[in-house]
Amino acid sequence: MEPVPEVELTTFEGDDFRIDYPKSWVDLSTDSMFTKIGGILALADERPGDELEDVSPNALKIYKYTSTTAADASCAEQIKFTPMWWDEHEMPEKVDGAQLGGQEIAAYMVDGTLEGQPIHSIMYCRNIGPNMLQVVATTHGSAQLSPELQAILDSWQWIDG
């Protein structure tokens with residue numbers, strides 16, 4: 001196995017979590033459509049094209065919005081919207097025993113194809129007071145998350161412990 005080259009990282013710290021991500025990744029968080037629906041952080045390894053179905057090879061989107069729905073039920077419902085623009089997709093599946101930042105968390109995943117290539121997405125959900133924190137990680141071109149995207153998720157630290 002070849003050694004992974006060192007990547008310069010930067011840190012995002014929100015009210016509830018902190019993550020490290022490659023400094024070369026594009027921050028798309030200021031998009032008005034994203035912030036309007038509770039978006040707090042949108043990262044991609046490449047800037048996507050202008051068409052609605054254009055995606056980056058790797059993307060991470062984090063939302064926080066008011067919700068009284070339990071995390072598992074919210075994730076089960078919201079994951080259905082993830083493959084909206086994909087060519088085809090399988091039924092979303094619950095990820096048993098999923099963890100984020102060392103804590104068990106509700107999670108669902110979905111696999112499919114987009115532009116003839118495999119695409120894989122996982123969604124994590126956690127209730128925080130009257131809010132839902134939702135994390136969506138997607139890799140286009142592989143049936144699993146890329147090592148770079150997995151490293152970002154592995155760096156996750158909850159602020160509240």
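**Exercise 1. Aromatic rings**

Which residues do ring pairs link into a cluster? Find them, then classify two ring pairs by geometry.

*Solution.* The model is predicted: local features need pLDDT of at least 70, side-chain atom pairs count only at pLDDT 80 or more, and totals for chains, interfaces and linings use all residues. Residues are numbered from 1 along each chain as its sequence is written, and side-chain values use heavy atoms, with hydrogens and water left out.

Step 1. Fix the rule. Rings of Phe, Tyr and Trp (its six-membered ring) pair if their centres lie within 6.5 Å; planes under 30 degrees apart are stacked, over 60 edge-to-face, and the rest tilted.

Step 2. Count. This rule gives 4 aromatic pairs.

Step 3. Take Phe-34 and Tyr-63. Their ring centres are 5.2 Å apart and their planes stand at 55°, so this pair is tilted. Phe-34 belongs to helix H1 (residues 32-36) and Tyr-63 to strand S5 (residues 58-66), so the pair ties together parts 29 residues apart in sequence. Helices (H or I, at least four residues) and strands (E, at least two) are DSSP runs, numbered from the N terminus.

Step 4. Check burial. Buried means under 20% relative accessible area, exposed over 50%, and partly exposed in between (1.4 Å probe, protein chains only). Phe-34, at 6%, counts as buried. Tyr-63, at 13%, also counts as buried.

Step 5. Take Trp-156 and Trp-158. The ring centres are 5.2 Å apart with planes at 65°, so the pair is edge-to-face. Trp-156 is buried at 3% relative accessibility, and Trp-158 is buried at 8%.

Step 6. Name the cluster. Ring pairs join Phe-12, Phe-17, Trp-156 and Trp-158.

Step 7. Look for a charge over a ring. The test is NZ of Lys or CZ of Arg within 6 Å of the ring centre and within 35 degrees of the ring normal. The charged end of Arg-126 sits over the ring of Trp-158, 4.0 Å from its centre.

**Exercise 2. Salt bridges**

How many salt bridges does a search of the whole structure find? Describe three of them.

*Solution.* Step 1. Apply the cut-off: a side-chain nitrogen of Lys or Arg within 4 Å of a carboxyl oxygen of Asp or Glu. The search finds 5 salt bridges.

Step 2. Glu-13 pairs with Arg-18, with the closest N and O atoms 3.1 Å apart. Arg-18 is partly exposed at 26% relative accessibility.

Step 3. Lys-64 meets Asp-16 at 2.6 Å, N to O. Lys-64 lies in strand S5 and Asp-16 in the loop between strand S1 (9-13) and strand S2 (17-22), so the bridge ties together parts 48 residues apart in sequence. Lys-64 is partly exposed, at 23% relative accessible area. Asp-16 is buried at 13%.

Step 4. Lys-80 and Glu-77 meet at 3.3 Å, N to O. Glu-77 is partly exposed at 40%.

**Exercise 3. A buried acid without a salt bridge**

Which side chain of opposite charge is nearest to Asp-111? Then find its polar partner.

*Solution.* Step 1. Place Asp-111: strand S10 (residues 106-114).

Step 2. Assign charges. Lys and Arg count as positive, Asp and Glu as negative; His and the chain ends are not counted.

Step 3. Search. Asp-111 is buried but has no salt bridge, and the nearest side chain of opposite charge is Lys-94, 17 Å away.

Step 4. Test polar contacts. These are N or O pairs within 3.5 Å; within protein, one atom must be able to donate a hydrogen and the other to accept it, and residues adjacent in sequence count only if both atoms are side-chain atoms. The side chains of Asp-111 and His-120 are joined by such a contact of 2.5 Å.

Step 5. Characterise the partner. His-120 is in strand S11 and is buried, at 8% relative accessible area.

Step 6. List neighbours. Contact means heavy atoms within 4.5 Å. Beyond four places in sequence, Asp-111 contacts Trp-86, His-89, Glu-90, Ile-119, His-120 and Ala-143. With residues up to four places away left out, His-120 touches residues including Met-109, Thr-138, Ser-142 and Ala-143.

**Exercise 4. A backbone outlier**

Where is Glu-115 placed? State the sign of its phi.

*Solution.* Step 1. Glu-115 is in the loop between S10 and strand S11 (117-128).

Step 2. Its phi is near 55°, a positive value in a residue other than glycine. Most residues other than glycine have a negative phi.

Step 3. Glu-115 is exposed, at 53% relative accessibility.
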